[in-house]
Structure formats: structure tokens, C-alpha cells
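This report describes two sheets and a ligand site. The sequence and the structure come first, and the text follows.

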Amino acid sequence: MIHYLRAAGVSIVVDTRGTGVPAVLHWGRDLGALDGPALESLALTTVPAVAYSSIDEPLRLSSLPTFGEGWSGRPAVQLFRDAAGPDGPASSRALAAPRFELVAVRRDPDAPARLVWEVADAEASVAVITELELTETGVLRMRHVVENRGVGPLGVGRVAVVLPVPPRAAELLDFSGLWSHERRPVRRRLEHGVHAREGRHGRRGHDDAFLLVAGMPGFGFRSGEVWAMHVAWSGDTELWAERSALGPATLGGGELLAPGELSIPSGGRHITPWVVGVTSHAGLDGLSERLHPWVRSRSTIARERPVVLNTWEAVYFDQSLDRLEPLIAAAERVGVERFVLDDGWFHGRRDDRRALGDWTVDTATWPDGLRPLIERVHEAGMDFGIWVEPEMVNLDSDLARAHPDWVLGRPGDPAWRHQHVLDLTAPGAADHVFARLDALLSEHDIAYLKWDLNRDLLGGSAHAQTTAAYGLIDRLRARHPGVEIESCASGGARIDLGILERVDRVWPSDTNDPLERQSIHRYTSLVVPPEYLGAHLGAARAHTTGRVSELSFRFATALFGSAGIEWNLAEASDAELEAVARWVGEYRRLRPLLHGGTVVRVDPDDPAQLVHGVVAPDRSHAVFSVAMLGTARSALPPSVRIPGLDPDRRYVVRPLELGAPVRTVQVADPPWFAVGSLESTGRILAEVGIPAPLLAPENATLFELTAVMS
Ligand code: DGJ
């Protein structure tokens, strides 16, 4: 049978006829209503001629392409049997070129958006069950289950998802980055061969490929056909794009496994992470339009994201009730809703060289425990959150002294930020951490955990450690379902759709420098809705870069996320505190829009000008930001185009003041500013745009748009 799954303008056609491995014949735009004969005819149109010097039958790209099918590209599956094992060398040969045959196809009429099929290689005693789902917003999810039906263990080298993309998808975009400079976009052409990105950090890493996009050359945020893949897994991953010299182009992805890392015992099974595929004919924003509603629909919390104050850049390790009191008072004054005590509260933690693992309250810093602090925070009308780093240990800790065998790796292995990985797979280790965290949460009124992870693994099995970390989070969530968790990993080194099934917020970067954050948010939010992205107002001089920024630029940047403050407000002037209070007020007023709307990013007419916004689902309300990241290319930068509105409705556009002046380089504002507002249609706003004040570099201004009631 040929299966045709359709949702929100996307379709996927899967051919499960015959005895071969099912093939994805089409993944892209909806092809309209197609009946059985039309699908048969579509299938025929996908069968190519036979080339000289190739296999003697038309090439068929199955959903598990391997050498055994005549596919000389990157194989989707690599499985091994121990040649010295009970199956002997014959079985090893079979696995080098598996010959899978279709065993079963399941499509439940009550769940038509889901398709499952099973293939097996009887000689090799291996079966692979593939699950495919197309969500309501057109997001494709696929994963495999590998079953070892043989006698000896089955080694797993790779079990990836491979999807075809059309040859016109000849330009690639993916990401690299550094600590405090995450998700730097990289574009290149896809030529013959493989462009592969491998993450070997044991976490996603700052240079994470994140999302691999293949599209029509020149695709942008608002235009161009694009196909993209993401691996929903927080350990080692691989993502690749391949153009075979034979012709077909593919995207592939899955967990990256080290040789010998994963073995399935006889009778056992391995379930791969989900691989997410998303396509759009309306550029990168079209990808977010599919992903954001889906991620939101799976959210673990149903609450509004509170305004946070985090103590890290305010006081670092210098914690005490006296030290924090002015910060709490200032937080209360400006309207903060959650107070988060960062690193430094636990037994013996004076700096970042010691104590990780000892998750009891330090009695020198907190002689009466944390309760007086928590009570004070509650009295000030805020809930309380706390920092932990459960997967790590310092050698200088009671835990490491008691259980040196729980320190991952071998003695003498390099430390990283003076710390080592706690081997969560060691008997008793995960239970111990769970018990400590459970006690912390049971004994205190804690609403939120900032769950950090400040080093790469560099040893052990990334698969086992990631699985154990997920297990620990899941167990804790089950015990404390009301506690929200943020995934932080030295900033943005663990952001993926696997961790997002378990957490409510991610920390995109350790930098609070708004200039860096503008770009980090623009690209992280391709996949992750803005309300998941912790966005803090830092001090005027950013601690990570030393750059000094206007308060208005910091306001405008942190508005578009899960907003917070990470600045010692006790040192802020009265005027600054008033401005912050106004910003918090505006953020809270706009929060339903900012956290539930459609993200719109404008393709820049001037590379220094960065325009983005959020439009309400009914397109009646929007907020846009116009930022100048550097010096404008011309004295009069282009008018600001505002797409994504209803073209036929009229909107009132108003400058949105957040309480701090914006620095301009101009004699006078555009005349419409004197009137205070401007009225125009969505179509004109998208096509012609509006003149904005001439901003000095590293400044941003905001506009609020409201549809006129007709
Ligand atoms: C790294 C995090 O990203 C910071 O925000 C802070 O929590 C420190 N760790 C604390 O050690």
C-alpha cells in the first residue's frame, strides 16, 4: 500500500508495497487530494532510469538505505555481531550488507497520522521497527526500534533516520558556536559528498549543529523552500546532508555512537531517539511556525513564565541573607516574581573548585539553613528557585572522597572547570543524587531548579550517561511534578527537543550581553519557542564581553524570552529601578502575546539591522523590535518592513517605550513620531514598511501594533 499522510500543508508519501524496506517517496508540500491510482502513478514517477555502471535495476532509496540495496552513500544502519561469537563470521558478513524484508505495516484508522512498519533480516536475526508520526502542524517525527533476535549480542554502530530532499535543496544552513556565542549560523553549498556534523561532547555542546537545514539557494527567514532535521537527544549526535553522485540528496541524523558503546543483548531491543523533520515553503520562519505550536502543546507546565531574578552575576559565590536582602528588596520593588539562588549555597562551596556533589545546605553560609531566605523571598511576593548541578562532582568533595569509584574516568583524567562527571551509571550513584535532591525539594518550598551541566563528558559512554541523566530528571519530576526545571549547560550547551520533553526553560547562553543575545535568540528560537529561552537583563557592562550597553537595548533584548534579571539591582540608581519596574510591567502586560504568538524574523535589507517580532495567533496584536547591531550601511537605513500581519486589516503602530532612552544618530525622529502613532494596512506594513528613528549602533527600538476594530 502507499500511505499518504497530510497535515498543515505538509505531506509525506511512504511506499510499503512489496517485500522491500518501505521508501519515503515524497516529503514536502502537500500534494493535494490523491486517491489510490493517483498514488500509484506518483510512485511510478519516482522510479528513475538505470544508469550505466550502476546496479541493474532502478535505484530505490529506502527508509534504511544500506550497501545491501545498492546504496553507496552513508548507510542508515550499521550493526555488528562479534565475529568470535556464537554466530561466527557468516553473520558479520550479513550485517555489513543487511537484507531487510518487510514483515508488517501498522496504521491504526484511529491514529491516521502515525505509521509503523517492521523489517527483518532473518539471516542476521535482526528486526527494525520504524515509527513515523506527522503532527497536526506538519512536524515529522521518526525513530527506530532495533531488536536482536539472534543468539549473541548485537553491536550498534548507527541507526539513523534518513529522509530524501529534492536536488534543488542545494544550500545548507547549520550552526556552530562557542561558550557565550552559541548558535552561530553557517551556510554552505551542498556538493557531491557528505556534509556531516558530529557532536562528541556527551552533551550538545556550544558548537552544536542544532538544526540542519537544506533549502533552495538563497532561502531566508520569510522565503524559500526548506527541509530541516533535528535530533531530539541530549548526548552525542550526528546530522548530515548528502548529495550522492548518483543523484539523490538526503538528510540524515541520529545518535552518534562510539565503536563498542552500545550492544543489544540477545532478545533485547534498542529504541533510538526521535529525529524531527520539518519543512516549509515559506523560509525558516515557516519551520518555527510548525515547531513552536507543537513544542508548546507538549509543555510540562501550564503556567505563565514568571519574571526571574537570578543571583549569579549579582553576587556570584558571595551569599548570605544580609548580602541578598537588598537584592530581594529591589526585586520586590520592580515586580520580580521568582528569586533564584544560584551556585554557592551547598556544603563547602566557596568557589568553583570544590563541593559539587555535596547537596546539603552549607551551614557556614546559611547558619539557619535556607528557610529564613525562602520565607523572606515569599514575604516579598516571589517564589523561590535554586541552582544544582547533579551530574557533576568535584574531587574536593565529601562525595568524591566517599565514592571515588563514582567519578567517571580514570584518576589523572583532565578536570574541566575543576570538576569531573559523576558516573550516574555506577551502582548507587543516581539513587544517591536522587535522594539528596528529593530531600532538598521535600524539605523546602522550592518552585524551580536551575539544572546546570558545566563540562563535557570526555570519557565513559555518552549514551549511558545521557540515558541515566534523563532517568534522574524523570524520576524527580514524577516525585515533584510542580517543580519547574531549567536546562543550563555552561549556557546553551544542552538545548534540544529531548531535554525539552523534561524541562520548562533553557538557558541559551552564559552571556547577558544584548548584542550577543540578539543573534543567539534569533537562531535558538528557530526550534525553541521564545518563552522557553531565559533572557536576563544584565549589568550595563556585560560580565562576559566587557561591552557596555544602553539599558534600553538590554530591555528590548530580554523582552523576547522568559525574562529575568541578573544584575545587582542593589547597585542600581532610583531612576534605573523605576525604569526596570516599568519594563517588568510592560513585559507582564505583553506576556500572553510574547509567549503564545508567532515569531516573525525579517530578512535584513541592511545586515546591521535586525528586525523581529511576535504576532498574536489571530493577528490582532503584535510587538516588533528593530535593532541596529552595528553601524548602518547608509545614513538613512531602509524602512522597517513588518511582515506576518493580516494584509487586509488596518493596524495602529505605536512606539513602545520601556522606560529608558534609546540612543539615536539623527536630527529629528520621522514625522509620524510627532503624532505618536501611524495607521496602515498589514499589506503596506509588510511591503513598504515604516521609517524608524536612526539608531546608534547597539540600540533597539520597539513598536506595538494593534488591529483596528472594523
Ligand atoms: C554556569 C551557568 O551557566 C551560570 O549561569 C551559573 O549558573 C554558573 N554555571 C554557576 O556555576
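In strand 17, L251 is the bridge partner of A241. The model described here is predicted. This pair belongs to the antiparallel pairing of strand 16, residues 237-243, with strand 17, residues 249-255, which runs over 7 bridges.

Both strands are part of an open sheet of 4 strands, ordered 10-17-16-13, in which the pairing is antiparallel. Its edges are formed by strand 10 (161-165) and strand 13 (193-199), each of which pairs on one side only. On average, and with direction ignored, neighbouring strands of this sheet are turned by 15° against each other.

A second open sheet has 8 strands in the order 28-27-26-23-22-21-30-29, and here the pairing is parallel. The edge positions are taken by strand 28 (505-506) and strand 29 (534-537), and each of them pairs on one side only. Strand 28 pairs with strand 27 (residues 484-487) in the parallel sense over 2 bridges. Within this pairing, which residue of strand 28 is the bridge partner of S487? The partner is V506.

The ligand sits in the second largest pocket. Which of the 13 residues around the ligand come nearest? They are D342, D343, K450, D452 and D510. Distances from oxygen atoms of the ligand to N or O atoms of the protein are listed for three residues, D343, G491 and D510.

| Residue | Part of the residue | Distance to a ligand oxygen atom |
|---|---|---|
| D343 | side chain, N or O atom | 2.6 Å |
| G491 | backbone, N or O atom | 3.3 Å |
| D510 | side chain, N or O atom | 2.2 Å |

For D343 and D510, the atom concerned is in the side chain, whereas for G491 the atom is in the backbone. How much of the accessible area that the ligand has on its own does the protein cover? The ligand has 300 Å² on its own, and the protein covers 98% of this area.

In short, the model holds an antiparallel open sheet of 4 strands, a parallel open sheet of 8 strands, and a ligand in the second largest pocket.

Technical notes:
Residues are numbered from 1 along each chain as its sequence is written. This is a predicted model: local features need pLDDT of at least 70, side-chain atom pairs count only at pLDDT 80 or more; totals for chains, interfaces and linings use all residues. Side-chain values use heavy atoms; hydrogens and water are left out. Two strands pair if DSSP finds at least two bridges between them. Axes are lines fitted to C-alpha atoms, for helices over the stretch in contact, and angles run from 0 to 180 degrees between N-to-C directions. A residue is near a molecule or strand if one of its heavy atoms lies within 4 Å of it. A polar contact is a pair of N or O atoms within 3.5 Å; within protein, one must be able to donate a hydrogen and the other to accept it, and residues adjacent in sequence count only if both atoms are side-chain atoms. Accessible areas come from the Shrake-Rupley method with a 1.4 Å probe; for residues, only the protein chains shown count as cover. On a 1 Å grid over the protein atoms alone, a cavity is a set of points where a 1.4 Å probe fits but cannot get out, and a pocket is an open set with protein on both sides within 12 Å along at least five of seven lines; lining residues have an atom within 4 Å of a point. A molecule sits in a cavity or pocket if more than half of its atoms lie within 2 Å of its grid points.
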